[in-house]
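Biologist: I would like to learn how to read a fold from its model. Shall we go through it feature by feature?

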Amino acid sequence: MFELAGHVALVTGAGQNMGAGVARALAAQGAVVAVNDLSPERAEATRKEIEAAGGTAIAVAFDVLDADAVRASVAWVRAETGRPIDILVNNAGIHPDMGAVQFRQLDPARWRGPIDLNIYGSLHCIHAVLEDMCAAGWGRIVQISSGAGRTGLNIGVAVYGAGKSGIEGFIRHLSQEVAAHGVTANSLALGLMNNSARGDASVTAHMAASVPAKRLGTPEDVGAAVVFLASPEASWLTGQTINLNGGATTN
């Protein structure tokens, strides 16, 4: 089950953390993975990891906010692999202006970055691959989202949460438009994750204590969920936002 040989996946923001975990997981199941990152060095590092583990990957650095660069890179991936991208994982979503700042204290100049990255960045990538997916009669779109898009939080991430809410809404509409073409579109709303940027062990231990599972999420957790959503076996699952959070919130 969950075999992905013969498929080409594009994972954005895959040079580190959760994105790298997703890229590794898809490659382990046989997909050829196009590793995107804003940093060519980070993209190349993940590519080397995948190749060292026996997988197949190519590095493709571009800014998801640049629609022309997205289209050109998607065409390049198709030329390099000989196949169109049929799995898209929109993972890039952490903007430098995201900062944990209460909205009333947040400079309006910092509003646009998180909104543009989470909505327009994802739209650019989806639009660039969607026609090929529909023409082939098979495709998987996985949007990495956040619990901040579904639950109000008093930690200063209101604008980031707005971006996540917006793209989740789009994914629900998109799923209805493309379902008859064999394309699915779903969101994964992540809970508290063990990103290296989160700081020292005492901080992460405190965070983990608030999760019913008593641990933070890992790149492997996210990768496993994405593999399922990207697989042929998930063909009847579309238009959903799935909470991946160790039980922190439930449906």
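Modeller: Start with pairing. Two strands pair if DSSP finds at least two bridges between them. Keep in mind that this is a predicted model. Here strand β5 (residues 139-146) and strand β6 (residues 183-190) pair in the parallel sense, over eight bridges.

Biologist: Which residue of β6 is the bridge partner of I144?

Modeller: That partner is L188.

Biologist: How many bridges join strand β4 to β5?

Modeller: Four bridges join β4 (residues 87-90) to β5, and these two strands run parallel. One contact to look up is N90, whose bridge partner in β5 is Q143.

Biologist: Now the whole sheet. What is the order of the strands?

Modeller: Read across the sheet, not along the chain. The order is β3-β2-β1-β4-β5-β6-β7. This is an open sheet of seven strands with parallel pairing.

Biologist: Which strands stand at the edges?

Modeller: β3 (56-61) and β7 (241-244) do. Each has a single partner strand, so one side of each is left without a neighbour in the sheet. The twist averages 20° from one strand to the next.

Biologist: Back to β5. How many of its residues are buried?

Modeller: For burial, use the relative accessible area: under 20% is buried, over 50% is exposed, and in between is partly exposed. Eight of the eight residues of β5 are buried, so the strand is largely enclosed by the rest of the structure.

Biologist: Which residues of β5 point one way and which the other way?

Modeller: G139, I141, Q143 and S145 point one way. R140, V142, I144 and S146 point the other way. Both sets are buried.

Biologist: Next, charges. What is the general idea behind a salt bridge?

Modeller: Side chains of opposite charge can pair when their charged atoms come close. The cut-off for a salt bridge is a side-chain nitrogen of Lys or Arg within 4 Å of a carboxyl oxygen of Asp or Glu. This structure holds eleven salt bridges.

Biologist: Take E51 and R47. How many residues apart are they in helix α2?

Modeller: They are four residues apart in α2 (residues 40-52), which means a separation of about one helical turn. Their side chains meet in a salt bridge at 3.9 Å, N to O. E51 is partly exposed, with a relative accessible area of 33%.

Biologist: Where do R112 and D116 lie?

Modeller: Both lie in helix α4 (residues 112-136), four residues apart, about one turn of the helix. Their salt bridge is 2.8 Å, N to O.

Biologist: Is R112 buried or exposed?

Modeller: R112 is exposed, at 59% relative accessible area. D116 counts as buried, at 17%. Read the two ends of a salt bridge separately.

Biologist: What does D221 form with R215?

Modeller: A salt bridge, with the closest N and O atoms 2.8 Å apart. D221 is partly exposed at 24% relative accessibility. R215 is partly exposed too, at 43%.

Biologist: Which residues are linked in a network of salt bridges?

Modeller: R24, E49 and E220 are linked in this way.

Biologist: Let us turn to the backbone. Where is the phi of F2?

Modeller: Look for positive phi in residues other than glycine. For F2, phi is near 65°. F2 sits in the segment before β1 (8-11). Its relative accessible area is 27%, so F2 is partly exposed.

Biologist: And what is the phi of N17?

Modeller: It is near 50°, again a positive value in a residue other than glycine. N17 belongs to helix α1 (residues 17-28). N17 is partly exposed, at 29%. Check the contacts along the chain as well: N17 and T218 are 201 residues apart, yet their C-alpha atoms are separated by 8.5 Å.

Biologist: Last, internal space. How many cavities of 30 Å³ or more does the structure hold?

Modeller: It holds one. The volume of the largest cavity is about 60 Å³.

Biologist: Which residues line the largest cavity?

Modeller: Among them are D97, M98, L106, R110, P114 and Y160. The lining residues divide into eight nonpolar, two polar and two charged.

Biologist: Which helix gives the largest share of that lining?

Modeller: Helix α5 (residues 158-178) does, with three residues.

Methods. Residues numbered from 1 in each chain as written. Predicted model: local features only at pLDDT ≥ 70, side-chain atom pairs only at ≥ 80, totals over all residues. Heavy atoms only, no water. 1 Å grid on protein atoms, 1.4 Å probe; cavity = no way out; pocket = protein on both sides within 12 Å on 5 of 7 lines; lining within 4 Å. Points joined across faces, edges and corners; volume = space filled by probe spheres on them. Nonpolar A, V, L, I, M, F, W, Y, C, P; charged D, E, K, R; others polar. Buried < 20%, exposed > 50% of the residue type's maximum accessible area, 1.4 Å probe, protein only. Axes fitted to C-alpha atoms, helices over the stretch in contact; angles between N-to-C directions.
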